[in-house]
Amino acid sequence: MVNLREDTRESIAKLTLMDDIFMNKVFENDTERTALLLRIILNNDKIKVIKAVTQQKLKSLSGHDLQLDILAQEENGRLFNVEVQNCSSGAAARRARYHLSMLDAHSLPKGEVYQKLPDNYVIFITQYDVLKGGLPIYHISRKIEENNAAFVDGSHIIYVNNKIKDNTPLGRLMHDFNCSNPNDMYYPELAEKARYFKETEKGLTNMGNVFEKFVAKREKEAVEKAAQEKNIEFAKGLLADGMSIEFTVRHSKLSEAEVRELASKLTA
């Protein structure tokens with residue numbers, strides 16, 4: 001038997017593909033299932049994935065780094081970034097724009113002409129109807145405002161509304177993304193992989209290690225956040241009592257920049 005705490009077993013049993021840690025394991029290095037996902041969303045049976053990784057980090061030389069849920073590549077160089085978002089703010093329009101810009105930046109080798117830049121896709125699967133149109137899927141493309149003609153630059157942003165689970169291929173996929181029980185899934189390929197991580201000894205051990213590391217990380221972050229909030233309140237009290245910035249820095253465990261920012265807010 002797999003040596004897992006009972007509460008960990010119960011938590012794993014409740015995981016769905018809308019949970020990052022479970023979705024990441026199901027699609028990790030799995031080109032066939034990633035291709036299935038993309039074929040359904042893009043309604044294109046010809047998609048063939050040659051590489052699929054999860055939690056891929058894209059480095060920016062001068063800006064914000066990204067860690068992608070799924071990054072897939074076709075033989076022709078096209079890139080697909082699939083993100084699962086349970087919070088509406090996580091699927092903001094400007095975030096989609098930034099993700100696409102990072103894909104583009106990593107798609108064109110130095111010295112290549114711009115015509116070699118492949119079509120790239122950013123796909124958000126959202127727990128809520130972020131764009132509020134009541135549609136199952138939204139395709140966002142650029143256009144020329146003066147004549148409403150398409151501006152074909154190869155960029156594609158797609159939002160998939162997880163709220164709609166109708167009897168279509170996409171609706172059944174969204175149903176499967178919310179299933180904690182593999183036996184309730186429509187797509188046998190997804191059910192088989194979900195069952196592996198929830199019911200087999202090897203899969204449960206793998207998933208259990210990932211889950212317990214995730215929980216430990218979140219617990220550590222919560223402790224650190226509570227300590228930081230305590231330090232901030234302490235610093236606010238010192239500043240309100242007329243203590244100097246230098247004195248507050250020495251006794252609050254905050255940086256000078258943080259204390260100066262607090263001081264500016266208190267005097268605003």
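Guide: Welcome! Buried means under 20% relative accessible area, exposed over 50%, and partly exposed in between (1.4 Å probe, protein chains only). The model is predicted, so local features need pLDDT of at least 70 and side-chain atom pairs pLDDT 80 or more, while totals for chains, interfaces and linings use all residues. Residues are numbered from 1 along each chain as its sequence is written, and side-chain values use heavy atoms, without hydrogens and water.

Visitor: What makes strand β8 mostly covered?

Guide: Six of the seven residues in β8 (residues 155–161) are buried. A strand here is a DSSP run of E with at least two residues, and a helix is a run of H or I with at least four, numbered from the N terminus.

Visitor: How do you know that β4 and β8 pair?

Guide: Two strands pair if DSSP finds at least two bridges between them. Seven bridges join β4 (residues 120–126) to β8, and these strands run parallel, so they count as a pair.

Visitor: Why is the pair of phenylalanine 124 and tyrosine 159 called edge-to-face or stacked?

Guide: Rings of Phe, Tyr and Trp (its six-membered ring) pair if their centres lie within 6.5 Å; planes under 30 degrees apart are stacked, over 60 edge-to-face, the rest tilted. Four aromatic pairs result. One of them is phenylalanine 27 with phenylalanine 177, stacked at 6.3 Å and 25°; both residues are buried. Phenylalanine 124 and tyrosine 159 have centres 5.4 Å apart and planes at 85°, so that pair is edge-to-face.

Visitor: What makes lysine 198 lie over the face of phenylalanine 22?

Guide: The rule wants NZ of Lys or CZ of Arg within 6 Å of the ring centre and within 35 degrees of the ring normal. Lysine 198 lies over that face at 4.9 Å from the ring centre.
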